[in-house]
Each structure stands twice: as structure tokens, then as C-alpha cells.
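Colleague: I'd like a quick tour of this model before I get back to the bench. Please take it one question at a time.

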Amino acid sequence: MKQDRAIRTAKDLVSAGLLGADRLGDAEAVAKRYAIAVTPDMAGLIDRADPNDPIARQFVPDIAELSTTPEERADPIGDLSHSPVEGIVHRYPDRVLLKAVHVCPVYCRFCFRREMVGPEGLGTLAPEAMDAAIGYITNHPEIWEVILTGGDPLVLSARRLEEMMVRLKDIPHVKIVRFHSRVPVVEPQRVDDKLIAALKASGKTTYVALHANHPRELTPAARAAAGRLVDAGVVMLSQSVLLRGINDDPDVLAELMRGFVEMRVKPYYLHHPDLAPGTAHFRLSIAEGQALVKSLRGRVSGLCQPTYVLDIPGGYGKAPIAASNVEATGEDTYKVSDWQGGVHAYPPTGSYETP
Ligand code: SF4
């Protein structure tokens, strides 16, 4: 039976059959530090009989979250060191993050901002702080794109979103407004006409970057929600995190990327997991990630290829980290490998051979 509201406590996870009673104490210990939320749509997707269910693994707490490793950091990607005013992160010249809200419809166990989000986190930006953030964007003509993230900006009411868009509409140098959200997947019914209208403003192009990590998240309801956004003229991109035990499998990744493309959501980023506290059990090595990304090349359409990126710890920005297919062999001569592992000289020496 579908829950009628989000599960927010360890006890409710047990009552819903999502957690064995023997793990209640562990989950309560984790919940003291990191928030829990599982929406009815996500709870309904979990296979209770599968102890390794990839949806459960994303949202049901695990005692491993209380073990931190020396390289993990509360602010792994250096948001704080690039925050000139509250709510703004200005890491690259032409774009800023606007963190309007620090609440999410679900709390992902691997979240890179897990020390900042949650009902007891930083909440919603106060009106004065929002004024200062908008003032900062107004006074920096180099800002071409504003990225609303947090938290999940689509938890805000249509009225709040519209107010924000109206203020951004009046800033002529801002051309692109991008929302990063999990809502179309985890709470698809929230994406109604009113919310979609609130995301649009004349003179601005609206993008929504959809966060999903496993093809089972792309339910008919999620596909319909994305369809409503795209039909309304919103451009959609995907972002996923490469996660051990969830999508570290070539078939799963291929199905996820194909699912996005079928939904008219262009695969954008595949993130190497950040060094967030208590997330070592989700991390794989970069070499494992490179092998997985390589497996997509050739095997699935070019439309389905995301960029595999690492957010360099400390706030140095994103770096593409897929293995290179090209190696210099001399002055403007190279070895280039194809998707099946064949190696070719460029420019070719001798006659061309076609496969
Ligand atoms: S939706 Fe995003 S910000 Fe919120 S918990 Fe998940 S990863 Fe973190």
C-alpha cells in the first residue's frame, strides 16, 4: 500500500517494512546526525525482499554513515570558501549557485551537502539574505547563469519560486536560470501547471537538471512529470552520482542514460562521489569509474554519454575525469583508441583500413 506522506523517522521506516527491527537502534543513531526522508513514491519502489535494493540503499540509513575517514570533509566541495554573501556560491566567473533552501523531499544517504541540508539545517534563505543575494547577482554583470540548488529548490511553493523568478527577470545580464532537483522523480505530482509556470520568466531560458541514479527511479509518473516540463519549454539535463551498490554496473548505467534520453532529458553529469562524511561505503575508485564510463562508449548512443566529473575537494571546481582515448606520439601525431579497444595512428600511416 502506498504511504500517504514522507517517512521521516527510523521507527516509521520499520513500520513501513523498509528497515528490520534489529536495525532500529542503528538507524536512530544515524538520524541524530543526518536527516531521514523517503517520499511515498520512493518508498513504493523499494523491494522489501531485497536486502541490497538500490533504491533503499539511497534513502534508508546505514550505520556505516557514522564511520568517517580522514579524507572526508563537512564541506567537501568548498562551498563556504566561495560564498561572498549568504546563499551565494561564486566559484566560476560566469555563474553562481543560489542556495534558496536547505530542505529536500528525500535525504540521500550519500549527499555531498549532508552537513548543511535537513529540517534542522540552514532552512530557507531569510528575506534580507535573499535581498543581499539578489543584490550580489545584480552587481556582478559577469553572472550569465544562476543555478538554484540547495537543498532542492522545487520544494518551494509556486508563489515563492515565481517571486524569485520575477526578481531574476529584472537582471538583464542573467540569461539562464537552472534548477537542480530530484522532485520530478521523487515527488512527480508536485510538478503541476502552477509550478511549471513559476519556473519560467520572459527573456530567460529555464533549465532543470534532474538528479536520478537508478533506472527504476524513472517511473511512468516521473517520465510524465519530465514530459510536462519539456512540453512547457523547459530544457532538461540529467545528473547522477556514481554509487557503489546502486549503479556501478554497465547495464544499469546504460539503462539509466537511455531512460533519460527517452524522457528528453540530456545526460549531463555523472559525478564521482564527493568526500562527504560517512559515505565511504558508496565510493568506488576513479579507475573503476573510468572503466564503467568507457563501457558506455560505443555500446549506447552518443546521446546517452554523460560527462564523468570530479568536484576537486576544496572548491577548485569540476574536472572531467574520463580516461583519455588519445595519446601524443610526436609532434601532432597520436595514438587513438576506438570503443572496442583497437589502437590507431593519427594521422593514419599507410592505407585506410575500414572495419
Ligand atoms: S536531494 Fe540533493 S541536496 Fe538533497 S539530500 Fe539528495 S543529494 Fe543532498
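Modeller: On a 1 Å grid over the protein atoms alone, a pocket is an open set of points with protein on both sides within 12 Å along at least five of seven lines, a cavity is a set where a 1.4 Å probe fits but cannot get out, and lining residues have an atom within 4 Å of a point. The model is predicted, so local features need pLDDT of at least 70 and side-chain atom pairs 80 or more, while totals for chains, interfaces and linings use all residues. Residues are numbered from 1 along each chain as its sequence is written, and side-chain values use heavy atoms, without hydrogens and water.

Colleague: What volume does the largest pocket have?

Modeller: Grid points are joined across faces, edges and corners, and a volume is the space filled by probe spheres set on them. For the largest pocket that comes to about 830 Å³.

Colleague: Which residues lining the largest pocket are closest to its centre?

Modeller: The lining has 41 residues. By class (Ala, Val, Leu, Ile, Met, Phe, Trp, Tyr, Cys and Pro are nonpolar, Asp, Glu, Lys and Arg charged, the others, Gly among them, polar), they divide into 22 nonpolar, 10 polar and 9 charged. Closest to the centre are Phe 112, Arg 113, Thr 149, His 180 and Gln 239.

Colleague: Where does the ligand sit, and which residues surround it?

Modeller: A molecule sits in a pocket if more than half of its atoms lie within 2 Å of the grid points, and the ligand sits in the largest pocket. A residue is near a molecule if one of its heavy atoms lies within 4 Å of it. The shell around the ligand has 5 nonpolar, 2 polar and 1 charged residue. Its members are Cys 104, Val 106, Tyr 107, Cys 108, Cys 111, Gly 151, Arg 182 and His 211.

Colleague: Which residue joins Gly 150 through a cis peptide bond?

Modeller: Most residues other than glycine have a negative phi, and most peptide bonds are trans. Here omega is about 10°. The partner lies in the loop between S3 and helix H6 (158-169), with helices (H or I, at least four residues) and strands (E, at least two) being DSSP runs numbered from the N terminus. That residue is Gly 151.

Colleague: What is omega for the peptide bond from Tyr 346 to Pro 347?

Modeller: Pro 347 is in the segment after strand S12 (343-346). The bond leading into Pro 347 is cis, with omega near -5°.

Colleague: How big is the largest cavity by volume?

Modeller: The count gives 1 cavity of 30 Å³ or more. Its lining is Tyr 34, Ala 35, Tyr 107, Cys 108, Arg 109, Cys 111, Arg 114 and Val 117, or 6 nonpolar, no polar and 2 charged residues. The largest cavity has a volume of about 60 Å³.

Colleague: Why does the pair of Glu 28 and Lys 11 tie together separate parts, and how far apart are those in sequence?

Modeller: Side chains of opposite charge can pair when their charged atoms come close. Glu 28 and Lys 11 form a salt bridge at 3.6 Å, N to O, where the rule is a side-chain nitrogen of Lys or Arg within 4 Å of a carboxyl oxygen of Asp or Glu. Glu 28 lies in helix H2 (residues 24-31) and Lys 11 in helix H1 (residues 10-15), so the pair ties together parts that are apart in sequence by 17 residues.

Colleague: Is Ala 27 buried or exposed?

Modeller: Ala 27 lies in helix H2, and its C-alpha is 5.7 Å from that of Ala 10, 17 residues away in sequence. Buried means under 20% relative accessible area, exposed over 50%, and partly exposed in between (1.4 Å probe, protein chains only). At 2% relative accessibility, Ala 27 counts as buried.

Colleague: How many residues apart are Arg 244 and Glu 288?

Modeller: Their side chains meet in a salt bridge at 3.0 Å, N to O. Arg 244 is in the loop between strand S6 (235-241) and helix H10 (250-262), while Glu 288 is in helix H11 (residues 286-296), and the distance along the chain is 44 residues.

Colleague: What is the relative accessible area of Arg 264?

Modeller: Arg 264 is found in the loop between H10 and S7. Its phi is positive, about 65°, although Arg 264 is not a glycine. Arg 264 is partly exposed, with a relative accessible area of 45%.
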